[in-house]
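User: Please take a close look at one part of this model, the second largest pocket, and set it beside the other spaces in the protein. A connected account would be most useful.

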Amino acid sequence: MRAVDIIIKKRDKHELTAEEIKFFVNGMARNEIPDYQVSAWAMAVLLNGMTDQETTDLTLAIANSGEVLDLTGIVPIEVDKHSTGGVGDKTTLVAEPLVASCGLPVGKMSGRGLGFTGGTLDKIESIPGFNVNLTQNEFIRLLKYEGLVLAGQSGDLAPADGKLYALRDVTGTVQSIPLIASSVMSKKIAGGARGIVLDVKVGTGAFMKNLEEARQLSRLMVAIGKLSNRRVVALLSDMNQPLGKAVGNSLEVKEAIDTLKGVGPADFTEHCLTVASHMLVLGEKAGDLDAARIIAENAIRSGAGFEQFRKLVKNQGGDVSYVDHPEKFPVAPVVRDVLSPESGYLSRVDALTIGETSVEMGAGRAKKEDLIDHSVGIIVHQKVGDFVEKGQPLFTLHAKDEISFETARQRILSGYAWSSSKCEPLPLFYEVIQ
Ligand code: URA
């Protein structure tokens with residue numbers, strides 16, 4: 001078999017066999033297939049799609065490209081959550097410590113920034129020393145003895161996803177239902193989670209732009225989960241505006257810390273409590289969502305969730321003093337408010353414009369070897385439906401220099417719209433698919 005023939009077959013819109021997919025994925029994981037062929041294949045998949053059977057075969061091939069953890073006997077039941085990618089989405093940093101502090105073990109395999117969306121690994125690495133590159137044994141040890149672990153794809157776990165993910169980020173091949181579904185589900189299967197809450201983002205700042213696409217992706221992931229004997233719930237959530245206020249790596253970590261202390265933005269806190277509640281139900285820590293909600297709220301109120309986050313940072317080599325004193329995070333050279341040029345009700349705070357601008361400011365990558373700047377980003381002060389006065393701070397930019405500030409200011413303002421009549425706030429969630 002040759003990689004080029006598999007690329008040509010997909011280019012010509014034919015269905016790949018399980019053997020062909022396995023050959024390609026294993027070649028990719030072992031670095032036997034060069035980046036240019038993987039990129040060409042990913043573009044062919046993006047343009048021509050995959051059948052559900054191909055997507056399932058791709059998911060299993062990626063999951064099996066490394067070890068697949070069997071956690072039976074290690075923890076009673078492990079749950080996990082995964083977002084399909086959004087702007088300002090730091091939910092993992094809050095929901096997972098909350099759930100773990102309620103006695104439900106969480107082993108999370110996260111990703112880096114992808115396209116205009118941020119990645120949990122990049123965010124958590126704002127904390128000096130935090131190590132996301134864990135071996136299989138380290139992952140299992142932390143899960144068993146500490147109840148919470150946050151890692152990236154490694155040489156051991158879903159290595160093919162690590163390779164493909166980094167290439168998709170910089171080759172315009174992110175927005176593909178089969179590639180997203182297989183990327184998300186392969187990591188969840190390899191990580192051994194029995195219960196999985198999928199946070200499927202819908203809107204301008206998501207890869208799924210409308211509810212129909214989000215439903216299609218959700219149904220596919222739920223079906224793949226079922227085939228692999230996992231319990232999966234998909235929550236379709238809004239991503240037309242950023243989640244919470246902070247966009248950018250260390251800014252988001254600070255917001256997550258505030259939220260764990262009970263002083264985070266209302267929309268983000270609500271979002272995290274909902275995700276955590278679904279995880280607690282899947283993990284059989286609560287009989288229903290109302291009971292789970294009370295448990296999750298208590299974990300914020302008592303400080304147990306925050307303590308669990310501190311422990312996570314400490315266990316993975318991070319400098320806990322940054323959690324205790326978030327003012328220690330390096331501050332970008334230019335930090336300045338941008339004032340509202342008009343009075344009115346906000347009818348648009350465009351997540352895509354804000355996400356793309358944050359990447360341009362240095363919070364994401366243009367090439368896969370690019371280093372990211374953890375300090376830059378945006379703090380959004382109001383949301384759709386809020387009334388703003390002309391001259392009131394609309395957002396604060398944390399920029400690396402004056403040129404970046406000015407470019408970002410203009411670009412982000414172009415994503416705002418004001419209305420003289422009242423606008424409804426955007427919903428947080430649209431529907432649940434299980
Ligand atoms: N999250 C992932 O892990 N993969 C994707 O492709 C998108 C979001």
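Analyst: The second largest pocket holds about 230 Å³ of space, in a model that is predicted. Its lining consists of 18 residues, and Gln241, Asp267, Lys383, Leu426 and Leu428 are the closest to its centre. Strand E5 (231–238) and helix H12 (266–282) each supply at least two residues of this lining, with H12 giving the most, three residues. By class, the lining of the second largest pocket divides into 10 nonpolar, three polar and five charged residues.

The largest pocket contains about 350 Å³ of space. It is lined by 19 residues, and those nearest its centre are Arg112, Gln153, Gly162, Lys163 and Ala166. Helix H8 provides the largest share of that lining, seven residues. The classes in the lining of the largest pocket are six nonpolar, seven polar and six charged residues.

Helix H8 (159–170) also contributes at least two residues to the shell around the ligand, as do strand E1 (79–83) and helix H9 (177–190). The space that the ligand takes up is the largest cavity. H9 gives the most to the shell, four residues, and the shell as a whole has four nonpolar, four polar and two charged residues. Three side chains offer an N or O atom to the ligand: that of arginine 168 lies 2.8 Å from a ligand oxygen, that of serine 183 lies 2.6 Å from a ligand nitrogen, and that of lysine 187 lies 2.5 Å from a ligand oxygen. The protein covers 98% of the 230 Å² of accessible area that the ligand has on its own.

Technical notes. Residues numbered from 1 in each chain as written. Predicted model: local features only at pLDDT ≥ 70, side-chain atom pairs only at ≥ 80, totals over all residues. Heavy atoms only, no water. Polar contact = N/O pair within 3.5 Å; in protein donor to acceptor, adjacent residues only side chain to side chain. Areas by Shrake-Rupley, 256 points an atom, 1.4 Å probe, with all protein chains shown as cover. 1 Å grid on protein atoms, 1.4 Å probe; cavity = no way out; pocket = protein on both sides within 12 Å on 5 of 7 lines; lining within 4 Å. Sits in = over half its atoms within 2 Å of the grid points. Nonpolar A, V, L, I, M, F, W, Y, C, P; charged D, E, K, R; others polar. Points joined across faces, edges and corners; volume = space filled by probe spheres on them.
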